[in-house]
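Please examine the sequence and the structure shown below. The briefing that follows treats strand pairing and the contact between chains.

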Number of protein chains: 2
Amino acid sequence: MPFIDLATLAEREMAPGFRARFVHTDHMTLAYWHIRAGAALPDHAHPHEQVTSLIEGAFSLTVDGETRTLAPGGVAVIPPEVRHSGRAETDCVIIDVFHPPRDDYR
Amino acid sequence: MPFIDLATLAEREMAPGFRARFVHTDHMTLAYWHIRAGAALPDHAHPHEQVTSLIEGAFSLTVDGETRTLAPGGVAVIPPEVRHSGRAETDCVIIDVFHPPRDDYR
C-alpha cells in the first residue's frame, strides 16, 4: 500500500508543544510536525542525517553553534552527530527527514 | 553551512510543467517541486526509494498500477524500481525525498 493519508495517523506529542506524525520506510523516517509557538527543543544530537524543511511559520534553529530563523523555504541539513536545538517563534509546520530510519520514533 | 534558503537556488524545469529546486546531502536528495496544472509525469522507475509529500494542490499519482489523487497531507511511499506516473490536477507544491541521492538530478 503505497498511499498514506497523514490525517489517518495518530499525532504524538514527542516533547511539550512538539506534535508529529511519522512515516517510516526501509531507509528513511519522515516526521510531519506541528509545533506550538514558544516550544523549545533542547540541544541534542543523533546518529541520523537530518534535513529540516520549514513549511509554515518561523523556527529559530541552532546547528553546531550557528543560529538562523527559518521561514518558509528555509532548509537545514544536519549531519550525523551534530548538535542542534531550536525554538518555535510562531506556530510552525515542519517536515524532518532522517536517514537511516528513527527507530526511537516508532 | 547547514542552512539553505530555497529562494537562492535556481529552479530547473525537469519536464514540461515540472520545476524543482534540489538539495543533495550525503544520503538523500530532496526535490521541492512547483508543478503546473495539467502537467503529466510519464511512467518510469528508478533504483531510489522515494517518498512523495503533497503540500499544496491535487496530484493524481499511479504507483504499481494503483491510482490515488493526493491532497495536502497525502503521502506516497514508492519502493526502488516500482513504476509510477502522475498528473497535476491543479497547480501543486510537492516535496519528494529520495535515498540514495539522485545523482541524475545534480
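Which residue in S10(A) is the bridge partner of A:Ala40? In S10(A), that partner is A:Arg87. This is a predicted model, in which local features need pLDDT of at least 70, side-chain atom pairs count only at pLDDT 80 or more, and totals for chains, interfaces and linings use all residues. Residues are numbered from 1 along each chain as its sequence is written, while chains are lettered from A and ligands numbered from 1 in the order in which they are written.

**Sheet in chain A**

- Four strands (DSSP runs of E, at least two residues, numbered from the N terminus) form an open sheet of 4 strands in chain A, with the order S5-S10-S7-S8 and antiparallel pairing.
- Strand S5 (40-44) and strand S8 (66-70) of chain A each have a single partner strand and stand at the edges, so one side of each lacks a neighbour in the sheet.
- From one strand to the next the twist averages 15 degrees, where axes are lines fitted to C-alpha atoms and angles run from 0 to 180 degrees between N-to-C directions.
- S5(A) pairs (DSSP finds at least two bridges between paired strands) with strand S10 (residues 84-88) of chain A over 3 bridges, in the antiparallel sense.

**Contact between chains A and B**

- Contacts (C-beta atoms, placed from the backbone, within 7 Å) link 29 residues of chain A with 29 residues of chain B.
- On the side of chain A that touches chain B, S9(A) gives the largest share, 5 residues.
- S1(A) and strand S9 (residues 74-78) of chain B run antiparallel and are joined by 3 bridges.
- Opposite A:Asp5 stands B:Gly74 in S9(B).

Terms used
Two residues are in contact if their C-beta atoms, placed from the backbone, lie within 7 Å.
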